[in-house]
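This report looks at charged pairs and nonpolar cores, and is meant for a reader who is meeting the structure for the first time.

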Amino acid sequence: MLKVLFVDDEPFILQGLKVLIDWEKENFEIVNMASNGKEALEYLKDNPVDLIIADIKMPLMSGLELLKNVKENEISDAYFVMLSGFNDFEYAKKAIHYGCLEYLLKPVKKDELIQILRKVNELKAASRLKENHYRETETAYLQRHIISLIVGRYDNVNLSYVEDNMRLSEGVRYVILELPEIEENDAIEGSMMMYRRELNQMAGMILDEDSNHLIYDVSLNHGIYDTGFIYCDYMAEKMGMDDMEFLTDFQTKLEESLGEKVKIIAGKKVPDISSISKSYSSACILKSQEVFHEPRPLVAYEKEMSINPGKAMLFKKSLDELINAIELNDTVLIHKCVDSFYNDISAAGLGDSVNLNINYLLFRLIHIAVEMDSEVDQEEILHRISESSFDEGIKRGSSRHMYRFACEYAEYLTQLRKNVSGGILKQVENEIREHYSENLSLKKLSEKYYINSSYLGTLFGKKYGISFKDYLTDYRIKEAAKLLINTDDRVVDIAATVGYKNSDYFIRRFIDIMGMTPSQYRRKNRE
C-alpha cells in the first residue's frame, strides 16, 4: 500500500480526514499525522512516504514552505495535495508552481479526495513501470559490457563501463550456478526458463546490492540457460569469510530458498575484472569434465588443480589414440577409442585420474585447433567444448556422451581445416551470389557450414575488410544498380527483387553507397 502523511494544525481536520474514506480500500496507509510543516519535515528525513496532504497555512512552517523545502532539497519524491480555503487561491497557484499535484478546498469532499487518490495510484504505477524499464535497460547494457570481458573480446570502453558501474575489488572469479538436471520429458524451454528464473530471483535477493554481479546467457548456444556470478574478494571479506566459505554459505542460502540442490563451479581466481575471461575459461573446463564425476555440490579450480601427480594415472595411450581418431574424423575409430578409454577409467575408478585425463584431453584438443590457425579464439573453443559436453538427453559420464562430444569436435576440426584453406569463404561467396535476395545471415550460414558465427565473421572481415552485413548490402545495391539501368521496373519492385521489403530503407542504403537516389542513378546512367 502507498503511504500517506497528514499535515494540519487543526486536530479535527486530521481526524476528519482519517475517517472520511476507507483508506485501505484505496490502497493507502496513514503512517503519520503532523501538526505543522517543521514537524513533517523532520519525519520525512527518515521515513519515505508516497503522498503528503498538507494545509497551506500553518504556524512555524506552512504547507507551501514545506513543499518548497522538500522539492528544492530533494528530501522526498512524494506527491503533494494542498488543503486551502476560498481565500487562499493565490497560495494554491504558488503551490502548483512548486510542484503540488492538486489542491482541495475545505471542507474536503469525499468524492474529490477519492478521485485524487486514484490519480496518485495511477501515477505511482506508471512511475514504477518506467523505473523498472530503466533499471532493466541499464542492467542489460551493463551485462553486454560484462559479457564482452567474460568472452575475452573487449576494449577500453567495455572495461571502463564495467569498472564505473560495478563494485569491484582484487581477487575475482567467474562462478557457474546450476540447478539439478531436469528429466528428459520435462526438459522443455518453459520448464528451463521457470527453474532458471527462480534461481536468478533468489540469487539476486541474497546478493542484494551486488545483484548486478549475476550474469545471464553468456553461452553462444541458445539452448543453454546459464547463470553466472562475478565473485569479488570484498564479498567474503565483509562477512569475515574466505572465498570458499562465502560460496558455501551462498549455496546454502540458495538451496534453503529454492528447496532444490544448487551446484556451484568456481573458476580460477584472477587478479581483477580485466582477466575474468581466464576464470570463465577454467570454469567451462571444470564444467565439461564434471560429467565424469559423481554429483558434487561445489567444485573449485584451485582444489581440482591441486592433484598430486604421483597418485593420479594418465591413460596417455588411450587418449592419444582418441585424439588421433578425432583429427581423422573417423567415427568408427572414435567409437572404439572411447570404449577403450572408458575401460581404463572404469578399471581405475573415479578419483584423481579423472581430472588429470580430462584436462589432458581438453587442452590437447585446444592446442590442435590453435596449431591449425594461430588466430583462432581459445575462448570460442572452450565455448564449444562446454556446450557440446552438456546434452540433457545423455546420462552423466556415459561413453555415449564422450562419443558425441568427440564426433562433434572432430567435425569442428574438419571445418576449421577447410576454413584455413579458404574453402568456407568461397562457399559463403556462392551463397551470396545465388541467394542475396533472401534472408541471409551470418548465423544461418554458420549453422549450415558448422562453424561458429563469431569466427565466421572474423574470417570474413579479415579477407574483405568489411563485415558480412556490409558486404551483403553492397552486393544487393550493386545488383539493384544493374536492374535500374537495364530494366524499366519500378524502384519499389527492384527493391523487393534484391531483398528489401521496405523501399524507403532500400533508398537510404542506395544513397549511402551510390551517392544518389535510385531515380537519379537511372537517369544519369541512361543519359
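Is Asp210 buried or exposed in this structure? With a relative accessible area of 4%, Asp210 is buried. The model examined here is a predicted one, and the values that follow are computed from it.

**Salt bridges**

Side chains of opposite charge can pair when their charged atoms come close. Across the whole structure, a search finds 21 salt bridges, and three of the pairs are set out in the table below.

| Pair | Closest N to O distance |
|---|---|
| Glu209 and Lys238 | 3.7 Å |
| Asp210 and Lys238 | 3.2 Å |
| Asp512 and Arg509 | 2.7 Å |

Lys238 takes part in a salt bridge with Glu209 and also in one with Asp210. The pair of Glu209 and Lys238 links distant parts of the chain, with Glu209 in the loop between α7 (189-207) and β7 (214-216) and Lys238 in the loop between α8 (233-237) and α9 (243-258), 29 residues apart. As for the salt bridge between Asp210 and Lys238, this pair likewise joins the loop between α7 and β7 to the loop between α8 and α9, across a separation of 28 residues. The surroundings of these residues can be described in turn: Glu209 counts as exposed because its relative accessibility is 57%, Lys238 is partly exposed at 48%, and Asp210, as noted above, is buried at 4%.

The salt bridge between Asp512 and Arg509 has another setting. Both residues belong to helix α22 (residues 503-514), and because they are three residues apart there, about one helical turn separates them. Asp512 is exposed, with a relative accessible area of 55%, whereas Arg509, at 18% relative accessibility, counts as buried.

Beyond single pairs, a network of salt bridges links Arg173, Asp233, Asp243, Lys269 and Glu302.

**Nonpolar cores**

Which residues touch the most other members of the largest nonpolar core? That core has 45 residues, and those that touch the most other members are Ile150, Tyr174, Leu177, Phe229 and Ile230. For Leu177, once its neighbours within four places in sequence are left aside, the residues in contact with it are Leu199, Ala203, Leu214, Thr227, Phe229, Phe250, Lys263 and Ile264. There is also a second, separate core of 29 residues, whose members include Ile345, Cys407, Tyr412 and Leu413.

Notes
Residues are numbered from 1 along each chain as its sequence is written. This is a predicted model: local features need pLDDT of at least 70, side-chain atom pairs count only at pLDDT 80 or more; totals for chains, interfaces and linings use all residues. Side-chain values use heavy atoms; hydrogens and water are left out. A salt bridge is a side-chain nitrogen of Lys or Arg within 4 Å of a carboxyl oxygen of Asp or Glu. Helices (H or I, at least four residues) and strands (E, at least two) are DSSP runs, numbered from the N terminus. Buried means under 20% relative accessible area, exposed over 50%, partly exposed in between (1.4 Å probe, protein chains only). A nonpolar core is a set of buried Ala, Val, Leu, Ile, Met, Phe, Trp, Tyr and Cys residues joined through side-chain atoms within 4.5 Å. Contact means heavy atoms within 4.5 Å.
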